[in-house]
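Here are my notes on this model for someone opening it for the first time. Please read them with the structure in view.

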Amino acid sequence: MPTQSGASARLWIPRRATALLAAVAVALTALAGAAADAVATAPAAFADANAGSIRIVSDSETSAVYAATRIADADALPLDGVCAPDRNFAWEGVAGQQVGGTSLPSYDPAAPNAKEQGSALVQAASDALATDADGSLAAWLATHITTAGANAAHQVVVNGPAVPVPDGWYLLQSEGKRPLLAWVAGGDVELGDKSDTPTLVKEIKDGDEWLDSGIYGNGQALEYRLILTVPETIKQFANGGTYTCAFHDEWDARLTLVPSSAKLTLVSSANGTRTDITELMTLQAKGSSFTATIDNLCDAAAQPGDTVELTYSMIVDPNAAAGSAGLVNTAWATFPSHDGTGETPKDQTKAYAFKVLVKKASPDGAALQGAVFAVRDEAGSWLQEDGSFGAEATRATFESDAQGSIGSIPLLSTGAYALVELEAPEGYRLPQNPESLFTISAEHGFDGIGMKVQAESHLSANVQAESTSVEFTVTNEPETGTPPADDGGKQNSSSAPNTITSALAKTWDSLAPLAKLGLILAAVGAAAFAVAAVKRRKEGAHHA
């Protein structure tokens, strides 16, 4: 709902499920792959059985430790303190969610049939996680482990002995690795360590920070970066091997890649040294996507834990108003895995901008056509046709249409501006102060944006959260109205009629010839009197 000048409007848009899962996966994990995958599907029967064990193996040298948390018991009942005694997992936060294209069933722990509901929920989640190709669903599931569940977790050392555990469904986590899932039903379960999977993070520059969302406008280019963490398994390729990996990015069609801006940098985890390795990369762009391939990362002498940063710029259509939905980029990486090519969870960024609209009206609300405006920033530069700010000589001007509307002003970023009326509509005069100041500010994240507009009191402002836009209403007084007592010297005489002179001209035309002669003689006499007075003052000053 519109709000008046000085107020703010906020609309938080829930992040798409796939984006949320990818972001959580990046935060909790670094590595994914498919070696000796965990058994993610629940067994056909859930009868009580003897306790089994979990063992994790890896082809890489690693001393990683996984925390194995039991989230469902042997009967596939939620470990939530209701269906089963341990409060290891917050199943109520999972119920009803979209997971891997599947809608999980509802679950009410207080319902008479809570166990039936809980069992159905665990089974559905297990089925969905069975096709968790990139590990992002498991990472999302891991966010619902309770403190008690984390404290009760079993510790499983990679390439260490099998760890005995009670039967049930387990979620295993290790810092810097993809979570694993396993059903234990009276036997030994062996899982593959996911140390062959790099991490990928996508960010956008907002001011001096790199975030998951940013603001554009004012003709600015958007700066992006992808960060790939080098996995442990690169050591297997060090002696003459080939480690081929690639960055992939897909973006909103209103964005345009600047291919020449792409730069690849290796950042040492040991000392922070940055080395330009752009020459090792081949960039192929097509439509709204690109693939940046590194034929052999070993040629850069990359070590486990190093990061590879791909930075690049994109330009935006100056009128690409995306509203609160923003402009979305989605990125991921592919890499060599023991069973072929693996893929990281996808990560996303979002960019927002602001649309300024103008409504020109008379005091009684009638639409006025022909008003001409320009926009100036706080540094004194003028808005240009391409959305940038520059010289006054090349400034863009915007004219109100038959509905009194102006909708062609290029997108603006946050900042302070002046809406300057250059020409009033025919039959109307410029406002006493044709420059109206306003400021746009915002709080933003990937999940949404809150826009705030502050404007001078005479400038009516309606903020629309959904479209991240503001409409300013500017009124003009008719020429026949009472002129302002004092316009402060800001009246634009070159573009607005001089209403006082116009009124005098009409009065003169209505006078009779003798009356006109009398006025002329009176004016001459007054002028002669004024000249004589000035002469007497000068002579008096000379004698003094």
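The points below go from overall confidence to individual contacts.

1. **Basis.** This is a predicted model, in which local features need pLDDT of at least 70, side-chain atom pairs count only at pLDDT 80 or more, and totals for chains, interfaces and linings use all residues. Residues are numbered from 1 along each chain as its sequence is written, and side-chain values use heavy atoms, with hydrogens and water left out.

2. **Confidence.** The protein chain averages a pLDDT of 79 (the predictor's confidence in each residue, from 0 to 100). Of its residues, 76% score at least 70. Confidence is highest in β19, at 98, and lowest in helix α5 (residues 499-509), at a mean of 33. Two stretches deserve caution. Residues 485-524 have pLDDT below 50, with 25 contacts beyond near neighbours in sequence (contact: heavy atoms within 4.5 Å). Residues 526-544 are also below 50, and that stretch has zero such contacts in the model.

3. **Overall make-up.** The protein chain has six helices and 34 strands (DSSP runs numbered from the N terminus: H or I of at least four residues for helices, E of at least two for strands). Buried residues make up 47% of its 544 residues (buried: under 20% relative accessible area; exposed: over 50%; partly exposed in between; 1.4 Å probe, protein chains only). Among contacts with a separation of 6 or more, 72% join residues 24 or more positions apart.

4. **Main core.** The largest nonpolar core has 43 residues (a nonpolar core is a set of buried Ala, Val, Leu, Ile, Met, Phe, Trp, Tyr and Cys residues joined through side-chain atoms within 4.5 Å). Tyr216, Phe247, Leu297, Val308, Leu310 and Tyr312 touch the most other members. The elements that give two or more residues to this core include β15 (245-251), β19 (289-294) and β20 (307-316). Leu297 touches Val230, Ile234, Tyr243, Cys245, Ala302 and Val308, leaving aside residues up to four places away in sequence.

5. **Second core.** A separate core of 29 residues includes Ala114, Ala124, Leu129 and Trp183. Trp183 also forms one aromatic cluster with Phe89, Trp91 and Trp169.

6. **A buried strand.** Is strand β8 (residues 168-173) enclosed or open? Five of its six residues are buried, so β8 is largely enclosed by the rest of the structure. Strand β3 (residues 65-73) pairs with β8 in the antiparallel sense over six bridges (strands pair if DSSP finds at least two bridges between them). Here Ala68 stands opposite Leu172 in β8. Strand β9 (residues 180-184) also runs antiparallel to β8, joined by five bridges. Gly168 stands opposite Val184 in β9.

7. **Aromatic pairs.** The whole structure holds 10 aromatic pairs (rings of Phe, Tyr and Trp, using its six-membered ring, with centres within 6.5 Å; planes under 30 degrees apart are stacked, over 60 edge-to-face, the rest tilted). Trp251 and Phe290 have ring centres 5.7 Å apart and planes at 45°, so the pair is tilted. Trp251 lies in strand β15 and Phe290 in strand β19, so the pair ties together parts 39 residues apart in sequence. Trp251 is buried at 8% relative accessible area. Phe290 is buried too, at 3% relative accessibility.

8. **Charges over rings.** Lys346 lies over the face of Trp332, at 4.6 Å from the ring centre (the criterion: NZ of Lys or CZ of Arg within 6 Å of the ring centre and within 35 degrees of the ring normal). Arg395 lies over the face of Trp382, at 4.5 Å from the ring centre.
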